[in-house]
Amino acid sequence: MPSITRRGLLVGASALPLVTIRTRPARAAEFTYKLGTNLPAAHPLSARNIEAAARIKEATGGQMEINVFPSSQLGTDTDMLSQVRAGGVEFFTLSPLILSTFVPVTAISGVGFAFKDRNQALSALDGALGELVRAEIARRGLMAFPRIFDSGFRQTTSSTHPIKQPGDFSGFKIRVPAAALWTSLFKDFGAAPTTINFSETYSALQTHVADGQENPLAIIDSAKLYEVQKYCSMTNHMWDGYWLLANPRAYNRLPDKVKEVVRREFDRAIDEERADLVRIDAGLRQTLVDKKMEFNDVDAAAFRDTLRSAGFYTEWKNKFGDQAWQTLVSFTGPLS
């Protein structure tokens, strides 16, 4: 396993080959599939999927080969979502909130200030809330693996001023992904959200198309956003993850024994990636301080009260419907 240092999340991860070469002869791959992600190779999700791909090739005797393409090499999130639906890309990792542009209910795991910690979020997504979401994904013609990669809680960064209280968002030009819930949340804070694909975020911040953005610390570090952002406010405004999606036609072409290996090794990758994030998150704040970012904490209750007063929770309860909302609050407790 790659080592973790303060110079990067996973030393050696970016240098790993897309698929590890076997040390003994293997037959030509019968199934050669692609896995796309928007995350850098240094992020644990990309590194663990690269390792999983190597194990799958080894365990199937070369019958199954998965090439992993990090850093949006296969296109923007929107592009890759279209490709996995069409079958041009067989596997794809995507945030539930971005997936909500195609499957609206998936955004429910990103409701602002809903989960108190990652264990509560993962319990919901590994449990009844995840079952509900995956069933809807399947109805839309995609397959989601049973468990979700952890991305952590999202924090707010800025090149202009720290976000210490809800009023600091007033007029703030913040980059958000292409998802209605994100736009709704920051508009209710009085900000000016701008939809920008992740692959274009660094340049947008560098040129001040947006003055700030929001992402988990692991992404802020691995994507080097600290180079174009000065302040990091620990808003913890939403938990986020990454569903591993598959084109069902491509997946169902695999023999049962190969499917078993794929499921087992990706499940292992999810376990290891979750453990990676827990381990590195504790030190990432200091890592980013060392890279000249200035941090501040916030009172979450003040932000939650602002959303409640703006009607955010009532609006999204109505949009998601009673069944989905009641499933969410069975884990989080009352929100609206």
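**Exercise 1. Determine whether Phe 145 is buried or exposed, and describe its pairing with Phe 266.**

Step 1. Phe 145 has 3% relative accessibility and therefore counts as buried (buried means under 20% relative accessible area, exposed over 50%, partly exposed in between, with a 1.4 Å probe and protein chains only). This is a predicted model, in which local features need pLDDT of at least 70, side-chain atom pairs count only at pLDDT 80 or more, and totals for chains, interfaces and linings use all residues. Residues are numbered from 1 along each chain as its sequence is written, and side-chain values use heavy atoms, with hydrogens and water left out.

Step 2. Phe 266, at 1% relative accessibility, is buried.

Step 3. The structure holds 17 aromatic pairs (rings of Phe, Tyr and Trp, the last by its six-membered ring, with centres within 6.5 Å; planes under 30 degrees apart are stacked, over 60 edge-to-face, the rest tilted). Phe 145 and Phe 266 form an edge-to-face pair, with 5.7 Å centre to centre and 75° between the planes.

Step 4. Phe 145 lies in the loop between β6 (143–144) and β7 (149–153) and Phe 266 in helix α10 (residues 256–290), so the pair ties together parts 121 residues apart in sequence (helices are DSSP runs of H or I, at least four residues; strands are runs of E, at least two; both are numbered from the N terminus).

**Exercise 2. State which residues form one aromatic cluster with Phe 145 and Phe 266.**

Solution. The cluster consists of Phe 31, Tyr 33, Phe 91, Phe 145, Tyr 251 and Phe 266.
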